[in-house]
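Work through the exercises below with the sequence and the coordinates open. Each task is followed by a solution in steps.

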Amino acid sequence: MRKRLLSFLQRVYSDFLMPDRSEEYRRLVSTALRSGYQVVGVKEFHQMILHQPGDLPPLLILRHDIDTDPGYARVFWQIEKDLGVNSSFYFRQSTLDVDLMQEIELSGSEASYHYEELATLAKKHCLKSRERVLLYLGEARDLLRGNLGRLRTQTGLPMTTLAAHGDFVNRRLDMRNQELLADQEFRRELGVEYEVYDPGPENLEAARFSDAPYPHFWRPASPLHAIEAGLPVVYVLTHPRHWCSHVIPNLKDDANRFLEGVRYARCR
Ligand SMILES: [Zn+2]
């Protein structure tokens with residue numbers, strides 16, 4: 001009981017009261033630059049492992065999954081512009097900001113799609129087992145094909161790398177959205193060159209870090225230690241909601257998540 005109350009209070013603090021942490025992000029990237037790291041986005045990283053796998057400089061790879069709050073994507077991007085580095089931003093249908101995406105791409109960084117069509121269909125058709133979801137795989141691929149085509153037309157961006165979103169439904173089903181891109185022919189047809197969860201070359205060991213909610217902030221630990229220790233390839237994934245407490249986007253996301261959870265639990 002006490003543990004649940006503590007976790008509720010931590011969530012309230014994190015969503016609505018936590019001070020902005022953007023200076024910490026700036027420090028992280030600045031430290032990497034001072035330590036001799038080349039800072040790149042996912043697309044550039046993929047090109048490097050394709051063309052010079054045995055000859056990589058020390059690399060910091062920056063990826064932002066914009067699950068909520070596209071306004072904060074602009075904060076990450078501004079810091080990176082100030083420091084003269086590039087990164088990758090992946091936007092969901094619910095967080096699209098076409099102007100910002102075009103500005104990001106024009107600046108040399110990458111803006112693309114954070115797709116979740118498999119989870120979307122599982123919620124729409126009330127699919128509660130892997131076997132049932134597999135029956136809708138064709139429809140999910142059609143949906144992804146349509147959405148990606150529309151986004152490319154709307155933004156004029158190539159979107160050749162994609163990132164799968166992890167929804168609560170994916171966790172319940174133990175089935176990830178990236179299963180949609182397991183079929184190489186479908187992937188070629190879509191013009192997708194790299195999915196962020198594709199395995200890397202066997203001889204390339206990237207130290208991976210993801211931001212996390214207050215009070216931990218990082219999983220499994222702060223990437224700053226890896227950078228200070230000089231690990232050769234450091235991969236950092238961030239999400240806006242762990243860096244600021246913008247009330248409206250967080251409230252909207254909490255309410256949406258709650259309603260979707262109730263609807264999915266009750267549907268038959
Ligand atoms: Zn996501």
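Helices (H or I, at least four residues) and strands (E, at least two) are DSSP runs, numbered from the N terminus. The model is a predicted one.

**Exercise 1. Cis peptide bonds**

Task: Find which residue pairs Y214 and R219 form through cis peptide bonds, and place P220 relative to strand 8 and helix 11.

Solution.
- Step 1. Y214 and P215 are joined by a cis peptide bond, with omega about 10°. P215 sits in the loop between strand 7 and strand 8.
- Step 2. R219 and P220 are also joined by a cis peptide bond, and omega there is about -5°.
- Step 3. P220 belongs to the loop that runs between strand 8 and helix 11 (223-228).
- Step 4. As background, most peptide bonds are trans.

**Exercise 2. Pairing of strand 7**

Task: State how strand 7 runs relative to strand 9 and to strand 8, parallel or antiparallel, and name a bridge partner in strand 9 and in strand 8.

Solution.
- Step 1. Strand 7 (residues 207-211) and strand 9 (residues 233-238) run parallel and are joined by four bridges.
- Step 2. In that pairing, A207 has V234 of strand 9 as its bridge partner.
- Step 3. Strand 7 and strand 8 (residues 218-219) run antiparallel, with two bridges between them.
- Step 4. Here S210 is bridged to R219 of strand 8. R219 is also the residue joined to P220 by a cis peptide bond.
- Step 5. Six residues lie between the strands in the hairpin of strand 7 and strand 8.

**Exercise 3. Positive phi**

Task: For M159 and F217, give phi and the loop, then decide whether M159 and F217 are buried, partly exposed or exposed.

Solution.
- Step 1. Most residues other than glycine have a negative phi.
- Step 2. M159 is not a glycine, yet its phi is positive, at about 45°. M159 lies in the loop between helix 8 and strand 5 (161-164).
- Step 3. A residue is buried if 20 or more other C-beta atoms lie within 10 Å of its own. M159 has 22 C-beta neighbours inside 10 Å, so M159 counts as buried.
- Step 4. F217, also not a glycine, has a positive phi of about 70°. F217 is in the loop between strand 7 and strand 8.
- Step 5. F217 has 16 other C-beta atoms within 10 Å, and is therefore partly exposed.

**Exercise 4. A helix pair**

Task: Describe the packing of helix 6 and helix 8: what are the axis distance and crossing angle, and which residues make the contact?

Solution.
- Step 1. Two packed helices are described by the angle between their axes and the distance between the axes.
- Step 2. The axes of helix 6 (residues 117-124) and helix 8 (residues 137-155) come within 9 Å and cross at roughly 125°.
- Step 3. Helix 6 is therefore oblique to helix 8.
- Step 4. The crossing of the two helices is right-handed.
- Step 5. Helix 6 contributes E117, L118, T120 and L121 to the contact, and helix 8 contributes E139, A140, L143, L144 and N147.

**Exercise 5. The whole chain**

Task: How many helices and strands does the protein chain have, and what is its radius of gyration?

Solution.
- Step 1. The count is 12 helices and nine strands.
- Step 2. A compact globule of 268 residues would have a radius of gyration near 18 Å; the protein chain has 19 Å, so the two agree.
- Step 3. Along the principal axes, the C-alpha atoms fill a box of roughly 55 × 50 × 35 Å.
- Step 4. Buried residues account for 33% of the 268 residues.
- Step 5. Of the contacts between residues at least 6 apart in sequence, 71% join residues at least 24 apart.

Technical notes. Residues are numbered from 1 along each chain as its sequence is written. This is a predicted model: local features need pLDDT of at least 70, side-chain atom pairs count only at pLDDT 80 or more; totals for chains, interfaces and linings use all residues. Two strands pair if DSSP finds at least two bridges between them. The radius of gyration is taken over C-alpha atoms; the globule rule is 2.2 Å times the number of residues to the power 0.38. A residue is buried if 20 or more other C-beta atoms lie within 10 Å of its own, exposed if 12 or fewer, and partly exposed in between; C-beta atoms are placed from the backbone. Two residues are in contact if their C-beta atoms, placed from the backbone, lie within 7 Å. Axes are lines fitted to C-alpha atoms, for helices over the stretch in contact, and angles run from 0 to 180 degrees between N-to-C directions. Angles under 35 degrees count as roughly parallel, over 145 as roughly antiparallel, 65 to 115 as roughly perpendicular and the rest as oblique. A crossing is left-handed if the near helix is turned anticlockwise from the far one by less than a right angle, and right-handed if clockwise.
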